[in-house]
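Colleague: I would like to learn how to read a model like this one. Could we go through it feature by feature?

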Number of protein chains: 2
Amino acid sequence: MSSTSVDQKQEQIVEAALKRFSHFGVAKTTMSEIAEDLSISKASLYYYFPDKTALVLSVGENILTDFINEQQFVLEKSKDFESGIYDISDVRISFGQKYFMMHIGDVQSDINTSDPKFKVLLEGLKAKELQFIAAHIQRFQDSGFLKPVNTLETAQVLIDMLVGIWICEIHVHHKSLFPSEQLFEKIKTKCKCVISIFCDGIKSN
Amino acid sequence: MSSTSVDQKQEQIVEAALKRFSHFGVAKTTMSEIAEDLSISKASLYYYFPDKTALVLSVGENILTDFINEQQFVLEKSKDFESGIYDISDVRISFGQKYFMMHIGDVQSDINTSDPKFKVLLEGLKAKELQFIAAHIQRFQDSGFLKPVNTLETAQVLIDMLVGIWICEIHVHHKSLFPSEQLFEKIKTKCKCVISIFCDGIKSN
DNA sequence: CATTTGACTAATTAATTTAAAAAGTCAGGA
DNA sequence: TCCTGACTTTTTAAATTAATTAGTCAAATG
């Protein structure tokens, strides 16, 4: 009888993989390296995960779920409409920065985005995100603070703008391997600017 | 004494190159092909342009100048604030679609963006664009239609949002070689949605 | 029986070489 | 001055090879 269960072991592996992936990216991390970090053999890794894709998927699932939940958390905790939007923007940028090397949701993502399981997961989480942002808008619409706009459509527009600024800055200005701290600061500032106008745009007069 | 001047010949060459470039991109167009289109020898081409880069630069200069001027034109012609913004958005998308294969202003642009001459040209035109959009905002601010916002900053935010939506849609949804007509329609719709909120956001109550 | 492993093969990826295509030159002609 | 065919040089693409990494399995351990 081992001291750790299968589930615990899998969690340990995911944790170790996550460290490597976020530092060096998925492609530049080998299964042997992850095994070495845990002081086990590579073959053992394959006892817990059928292949690398499955492990990557588990890691991605962890990150993405955290990403969405964290946004939901700060949004539901927020006192007024605008600060809620500012907060989710900050969460988004922090996650993007932290897991930059994995290029999640990016064009040439490290994660195999064509994998149907990953697609389903991603779509589900995106839908959830859209839902609670729409709910946030609905909340302040009901209180009369916002105009009676289409909540889902407006939530989608907000997300589009934030994603757009992110991708725009990363792709246009980022030439080096790893973007500078100040680039992320610049993105934050631009997002704040956009959000400010966005919020004014849907406030009732 | 030839029937066409050097300048006219250069224009003809630029015109022929433009056709090839916009259809197949710069990289997939050879100097020989351009020469063939004009029924002249490749060596003649090199009599009018020192190298391919110079020709590409001329073509790029033409397109970009048109791009900026067309925006300025529709903006100055516009009767009310919002329709002016909608119009420049349409101009931007039309140009982006027309010259898609050249990937102007893109990450891996066909045009050598590191070329100092191109950089200078691009920066100049960007500055000009920013100026007349800011002037448009100023115009309707003076008339009391808009809030007293920082015009340059607000103009930049608008451009960022439009560029962001463009890049976002192209990079995230476009996998095939050439994007579909409906993708550009989708981009137009999204831009309209954003502009609507943007305008409401800076209107005085 | 559940778990681990070293030693193995198969598949990918990176590096190197080779062949093809395209850029760019030039002496000479109209 | 303007144009060209024939040429050289440079770049890009294809093919070959070498190296790395993913993934397997029979045997071992506890």
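Modeller: What follows takes the symmetry, the interface, the core, the helices, the backbone and the DNA in turn. Keep in mind that this is a predicted model.

Colleague: How are chain B and chain A related?

Modeller: Two copies of a chain are related by a rotation about an axis and a shift along it. Here a turn of 180 degrees with a shift of 0.0 Å along the axis lays chain B on chain A, at an RMSD of 0.0 Å. That is the relation of a two-fold axis. Both copies use the same surface, since 100% of the contact residues of chain B recur in chain A.

Colleague: How many residues does each chain bring to the contact, and which elements of chain B supply two or more of them?

Modeller: Chain B brings 20 residues and chain A brings 20. On the chain B side, the elements giving two or more residues are helix 7 (151–173) and helix 8 (181–202). Helix 7 of chain B has the largest share, 10 residues. By class, that side of chain B has 12 nonpolar, 4 polar and 4 charged residues.

Colleague: Take A:Ile167 as a case. Is A:Ile167 buried or exposed?

Modeller: A:Ile167 is buried, because 25 other C-beta atoms lie within 10 Å, and 20 or more are enough for that label. A:Ile167 sits in helix 7 (residues 151–173) of chain A. Leaving aside neighbours within four places in sequence, A:Ile167 is in contact with B:Gly164, B:Ile167, B:Cys168 and B:His171. For a sense of distance, A:Ile167 and A:Pro50 are 117 residues apart in sequence and 34 Å apart in space, C-alpha to C-alpha.

Colleague: And the largest nonpolar core: which residues touch the most other members?

Modeller: In soluble globular proteins, nonpolar side chains tend to be buried together. In this model the largest nonpolar core has 47 residues, and A:Met161 and B:Met161 touch the most other members. Helix 5 (81–98), helix 6 (116–142), helix 7 and helix 8 of chain A, together with helix 5, helix 6, helix 7 and helix 8 of chain B, each give two or more residues to this core. The largest share, 10 residues, comes from helix 7 of chain A. Apart from neighbours within four places in sequence, B:Met161 is in contact with A:Met161, A:Gly164, A:Val194, B:Val194 and B:Phe198.

Colleague: What span should helix 8 of chain A have, and what span does the model give?

Modeller: Helix 8 (residues 181–202) of chain A has 22 residues, so at 1.5 Å a residue it should span 32 Å; its end C-alpha atoms are 32 Å apart, which agrees. Its buried residues include A:Ile187, A:Lys190, A:Cys191 and A:Val194.

Helix 1 of chain B can be read likewise. It has 19 residues and reaches 27 Å from its first C-alpha to its last, close to the 27 Å expected. In helix 1 of chain B, B:Ile13, B:Val14, B:Ala16, B:Ala17 and B:Phe21 are buried. The buried residues of this helix pack against helix 2, helix 3 and helix 4 (52–77) of chain B. B:Gly25 follows helix 1 of chain B and has a positive phi, near 90 degrees.

Colleague: Where should I look for a positive phi in a residue other than glycine?

Modeller: Most residues other than glycine have a negative phi. A:Ser39 has a positive phi, near 55 degrees, and lies in the loop between helix 2 and helix 3 of chain A. A:Ser39 is exposed, with 6 other C-beta atoms within 10 Å.

In chain B, the phi of B:Ser39 is also positive, near 55 degrees. B:Ser39 lies in the loop between helix 2 and helix 3 of chain B and counts as exposed, with 6 C-beta neighbours inside 10 Å.

Colleague: Last, the DNA. Which residues are closest to DNA strand D?

Modeller: Of the 17 residues that surround DNA strand D, the closest are A:Thr30, A:Ala43, A:Asp51, A:Lys52 and B:Ala43. Among the elements giving two or more residues to that surface are helix 2 (31–37) of chain A and helix 1 (6–24) of chain B. The surface near strand D has 7 nonpolar, 6 polar and 4 charged residues.

Around DNA strand C there are 16 residues, the closest being A:Ser41, A:Ala43, B:Thr30, B:Ala43 and B:Lys52. Helix 1 and helix 3 of chain A, with helix 2 and helix 3 of chain B, each supply at least two residues there. By class, the surface near strand C has 7 nonpolar, 5 polar and 4 charged residues.

Key. Residues are numbered from 1 along each chain as its sequence is written. Chains are lettered from A and ligands numbered from 1 in the order in which they are written. This is a predicted model: local features need pLDDT of at least 70, side-chain atom pairs count only at pLDDT 80 or more; totals for chains, interfaces and linings use all residues. A residue is near a molecule or strand if its C-beta atom, placed from the backbone, lies within 6 Å of it. Helices (H or I, at least four residues) and strands (E, at least two) are DSSP runs, numbered from the N terminus. Ala, Val, Leu, Ile, Met, Phe, Trp, Tyr, Cys and Pro count as nonpolar, Asp, Glu, Lys and Arg as charged, and the others, Gly among them, as polar. The expected span of a helix is 1.5 Å times one less than its number of residues. A residue is buried if 20 or more other C-beta atoms lie within 10 Å of its own, exposed if 12 or fewer, and partly exposed in between; C-beta atoms are placed from the backbone. Copies are superposed by least squares on the C-alpha atoms of residues with pLDDT of at least 70 in both. Two residues are in contact if their C-beta atoms, placed from the backbone, lie within 7 Å. A nonpolar core is a set of buried Ala, Val, Leu, Ile, Met, Phe, Trp, Tyr and Cys residues joined through C-beta atoms within 7 Å.
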